[in-house]
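Welcome! Please have a look at the sequence and the structure below, then work through the exercises at your own pace.

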Amino acid sequence: MRISVAACIIAASLSSSALAQDAKKPPPTEFSGDLALVAVSGNTTVSTFAVNEKLIRRIDRWEFKQDLGSVYGKTDGVESSNLVRGGLRADYSLTDHFALYALTAYDRNKFAGIKARYAEGVGGVAKIIATDVDQFNIEGGYQLTQQRNLIGADNNFSALRLASNWKHSFTKASYFFEGVEYIPDLQDSRDYRINNEADVVAPLSSHVAMKFSYVVRFANEPPLNSAGTALLRKTDSILSAGIQVTY
């Protein structure tokens with residue numbers, strides 16, 4: 001039994017090493033879209049859906065990325081969730097392990113007090129690990145934010161952006177992804193946001209997979225609630241399971 005376990009460990013290690021040594025260039029174009037739906041009826045009626053889409057285009061040293069996502073839900077016929085986000089980003093590789101990026105992002109979250117929030121930023125990416133098995137990046141940059149609140153004064157400020165992301169591939173089609181983003185306001189040390197996303201993707205076919213996702217959005221100084229009398233909760237979390245289509 002011990003020999004069998006040891007053999008499995010050695011085989012897995014050799015397999016991982018082979019994948020790492022044979023790291024290939026990513027395809028010039030990638031597209032993924034996923035949909036998760038929850039419907040409950042009976043004593044409580046709940047309907048929620050989450051949809052996400054991402055397109056990546058690579059040209060020589062350039063990588064262009066566009067993404068869009070939404071979470072919408074109703075509880076007993078009353079809207080209880082309404083989140084929309086989108087972004088554009090361009091990366092330029094200076095070396096195999098370092099790149100520059102520029103991005104613009106938008107998000108709206110009615111139930112978090114955000115009518116609209118825009119961001120524009122630039123920075124650098126250090127590609128610490130870049131193999132077929134693992135990709136681990138660290139990012140740092142400067143960002144401008146224009147935040148329109150449902151209640152209270154709007155807030156325009158400059159901020160830092162620190163981020164990291166790790167992708168571990170179990171096979172060519174199944175993987176685990178973890179991304180963390182920290183955005184501190186340079187004008188108010190109490191105002192900072194942390195975004196975290198963890199995904200597990202398991203293939204059903206060459207283009208279809210099951211995707212399990214857990215997203216946490218934390219704001220240390222959230223806006224006022226709709227009545228303008230108290231702060232909203234600091235943390236929003238989204239747990240979803242659905243179908244992902246990739247090409």
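**Exercise 1. Find out where the charged end of arginine 89 sits, then follow arginine 89 to its other partners.**

Step 1. Arginine 89 holds its charged end over the ring of tyrosine 101, 4.5 Å from the ring's centre. A charge sits over a ring if NZ of Lys or CZ of Arg is within 6 Å of the ring centre and within 35 degrees of the ring normal.

Step 2. Before going on, please note that this is a predicted model, in which local features need pLDDT of at least 70 and side-chain atom pairs count only at pLDDT 80 or more, while totals for chains, interfaces and linings use all residues. Residues are numbered from 1 along each chain as its sequence is written, and side-chain values use heavy atoms, with hydrogens and water left out.

Step 3. Arginine 89 also forms a salt bridge with aspartate 91, and their closest N and O atoms are 2.7 Å apart. The term salt bridge stands for a side-chain nitrogen of Lys or Arg within 4 Å of a carboxyl oxygen of Asp or Glu.

Step 4. Both arginine 89 and aspartate 91 are buried. Buried means under 20% relative accessible area, exposed over 50%, and partly exposed in between (1.4 Å probe, protein chains only).

Step 5. Salt bridges with shared partners join Arg89, Asp91, Glu139, Arg161 and Glu181 into one network.

Step 6. Another charge over a ring belongs to lysine 167, whose charged end sits over tyrosine 175, 4.3 Å from the centre of the ring.

**Exercise 2. Describe the chain as a whole: how many helices and strands are there?**

Step 1. The protein has one helix and twelve strands. Helices (H or I, at least four residues) and strands (E, at least two) are DSSP runs, numbered from the N terminus.

Step 2. Reading from the N terminus, the order is α-β-β-β-β-β-β-β-β-β-β-β-β.

Step 3. The protein has 247 residues, and 32% of them count as buried.

Step 4. Among contacts (heavy atoms within 4.5 Å) between residues at least 6 apart in sequence, 46% join residues at least 24 apart.

**Exercise 3. Trace two salt bridges that link distant parts of the chain.**

Step 1. The count comes to 13 salt bridges. One of them pairs aspartate 34 with lysine 211, with the closest N and O atoms 3.3 Å apart.

Step 2. Aspartate 34 belongs to strand 1 (residues 29–40) and lysine 211 to strand 11 (residues 208–219), so this pair links parts of the chain 177 residues apart.

Step 3. Are these two partners buried or exposed? Aspartate 34 is buried at 12% relative accessibility, and lysine 211 is buried at 11%.

Step 4. Arginine 85 forms a salt bridge with aspartate 67, with 2.7 Å between the closest N and O atoms. This pair links strand 4, home of arginine 85, to strand 3, home of aspartate 67, and the two residues are 18 apart.

Step 5. Arginine 85 counts as partly exposed at 26% relative accessibility, and aspartate 67 counts as partly exposed at 23%.

**Exercise 4. Sort two aromatic pairs by their geometry.**

Step 1. A pair of aromatic rings is described by the distance of the centres and the angle of the planes. Rings of Phe, Tyr and Trp (its six-membered ring) pair if their centres lie within 6.5 Å; planes under 30 degrees apart count as stacked, over 60 as edge-to-face and the rest as tilted.

Step 2. Searching the whole structure gives seven aromatic pairs. In one of them, the ring centres of tryptophan 62 and phenylalanine 64 are 5.6 Å apart and the planes meet at 10°, so the pair is stacked.

Step 3. Tryptophan 62 is partly exposed at 39% relative accessibility, and phenylalanine 64 is partly exposed at 36%.

Step 4. For tyrosine 182 and tyrosine 192, the centres are 5.9 Å apart and the planes are at 65°, so the pair is edge-to-face. Tyrosine 182 lies in strand 9 (residues 175–184) and tyrosine 192 in strand 10 (residues 192–203), ten residues apart.

Step 5. Trp62 and Phe64 also form one aromatic cluster together with Tyr92.

**Exercise 5. Locate aspartate 60 and say what is notable about its phi.**

Step 1. Aspartate 60 has a positive phi of about 55° although it is not a glycine.

Step 2. Aspartate 60 is placed in the loop between strand 2 (46–59) and strand 3 (62–75), and aspartate 60 counts as exposed at 79% relative accessibility.
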